[in-house]
Amino acid sequence: MTPRLWALVTFGVLLVALVVFAALTVPWHRAPAPRADQVAALGQFPSEQVARARQFRAELRPGTYASMILGLIVALVLGLTPVGARLVELAGRPFGDHWLARAVLGGLLVVLVGEVLTLPFAAWRHTVVVRYGISTQSWGGWGADLLKSLVVSVVLGGLALAGFFAVTHFAPRWWWAFGAAGAAGLVLLLSFVLPVVVEPIFNKFTPMADGPLRTELIALADRDGVPVKDVLVADASRRTRAVNAYVSGLGPTRRIVVYDTLLTEATPDEVVSVAAHELGHAKDGDVLTGTILGALGAALAVVAIYLLGAWSGLLRLAGVTSIGEPRAIGLLLAVAALAGLAAGPGQAFVSRHIEARADRHALDLTGDPQTFEAMQRRLGTVNLSDPDPPTWEFLMFASHPSTVQRMAAARAYARGER
């Protein structure tokens, strides 16, 4: 069998594995959240608050979608014309056109073009969230976070580019196999490393002070059979008024993280309700499930890229001779952008079902649907979320059930509807 035939077989096997694993691990059934209860829940929000939340989202929408469209156009121009290949050549020229310089510096330059062109929209978004009181960051703090994100992206992106094109350079016939294994391994590694290495770059984490709330959270995790290393408080208030909590890490790195804003805005019982939801993700292995799905998807993408390299017309558009050469970085990013756009609604659909299961877990663990509903109302109020967003936008982008859906699910649960 030729390498291409092996790649086709591998692609089929990975695709079947991805579909089967998703079918077995994603909770396709959702607990009831009757529309009548959603309407009743919406009526509990003051009309001026709903209007303010919708105005906030309306002001964010033009810049958000303009940024997405511009980013896609830039990716297509860089990938489906020779412009991207020429930028890679330009970056490698001072280093004798060495393949590694082209791969790392050229790849970063291509990505940087898109980031710079969409930066004004990010700045505009910052002005909106500050005006509505969601962000507490000055321009200096916002710029510092932006710089930190850039440094992290450069380091991780540079390593990924170097690794990928080292494989294509030294194993030109079988790079798809080594690359697929490496991509899957990288996803698994980052799931363990990011929580303990990258998160502290953006937030300061301190152990929650001993007291009734910490004791209750630890007891909650123990009762749920989800061992956690610690309960940490993130200093989110230095950049936002938004409230949140999450369970981070896998195995020995797992910890409950609570925003300091949540501690000041919510009651202790509501904090416990949020933590119960997050423990549901850990209990059901959602982080591990997402990691495995991501690893399979990454491996599948590498093999798909190799097979796509047989499309000579596409290579001619990009001005390259092989999809495995550094000059094809723009083409790879264009393909990734299109694939991401196509897969987005499906990923959002899966995410909503997983989040709904975690909500049900919180209700089962605490047995307190009233506090759960109150917490959802508080989350929507403080975070200035539209409690009942437009259907088209919700289906396209929402990673969580809407606020009124979550409140309705709590009401149905209280009535014994399962």
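Trainee: Which residue stands opposite V257 in strand 4?

Mentor: L232 stands opposite V257. Two strands are said to pair if DSSP finds at least two bridges between them. Here strand 2 and strand 4 (residues 255-259) pair in the parallel sense over four bridges. Please note that this is a predicted model, in which local features need pLDDT of at least 70 and side-chain atom pairs count only at pLDDT 80 or more, while totals for chains, interfaces and linings use all residues. Residues are numbered from 1 along each chain as its sequence is written, and side-chain values use heavy atoms, with hydrogens and water left out.

Trainee: In what sense do strand 1 and strand 2 pair?

Mentor: Strand 1 (residues 205-207) pairs with strand 2 in the antiparallel sense, over three bridges. T206 has V233 as its bridge partner in strand 2.

Trainee: How should one read the side chains of strand 2 (residues 231-234)?

Mentor: In a regular strand the side chains alternate between the two faces of the sheet. In strand 2, V231 and V233 point one way, L232 and A234 point the other way, and all are buried. Buried means under 20% relative accessible area, exposed means over 50%, and partly exposed lies in between (1.4 Å probe, protein chains only).

Trainee: Is D145 buried or exposed?

Mentor: D145 is buried, because its relative accessible area is 11%. This residue lies in helix 6 (residues 139-170). Contact means heavy atoms within 4.5 Å. Leaving aside neighbours within four places in sequence, D145 is in contact with Q137, F202 and R239.

Trainee: Where does helix 3 bend?

Mentor: Helices (H or I, at least four residues) and strands (E, at least two) are DSSP runs, numbered from the N terminus. The bend at a residue is the angle between axes fitted to the seven residues ending there and the seven starting there. Helix 3 bends by about 30° at R61, and a proline, P62, follows within four residues. From first C-alpha to last, helix 3 (residues 47-80) reaches 48 Å, close to the 50 Å expected at 1.5 Å a residue. The expected span is 1.5 Å times one less than the number of residues.

Trainee: What radius of gyration does the chain have?

Mentor: The radius of gyration is taken over C-alpha atoms, and the globule rule is 2.2 Å times the number of residues to the power 0.38. The chain has 23 Å, which agrees with the value near 22 Å for a compact globule of 418 residues. Along its principal axes the C-alpha trace spans about 65 × 45 × 45 Å.
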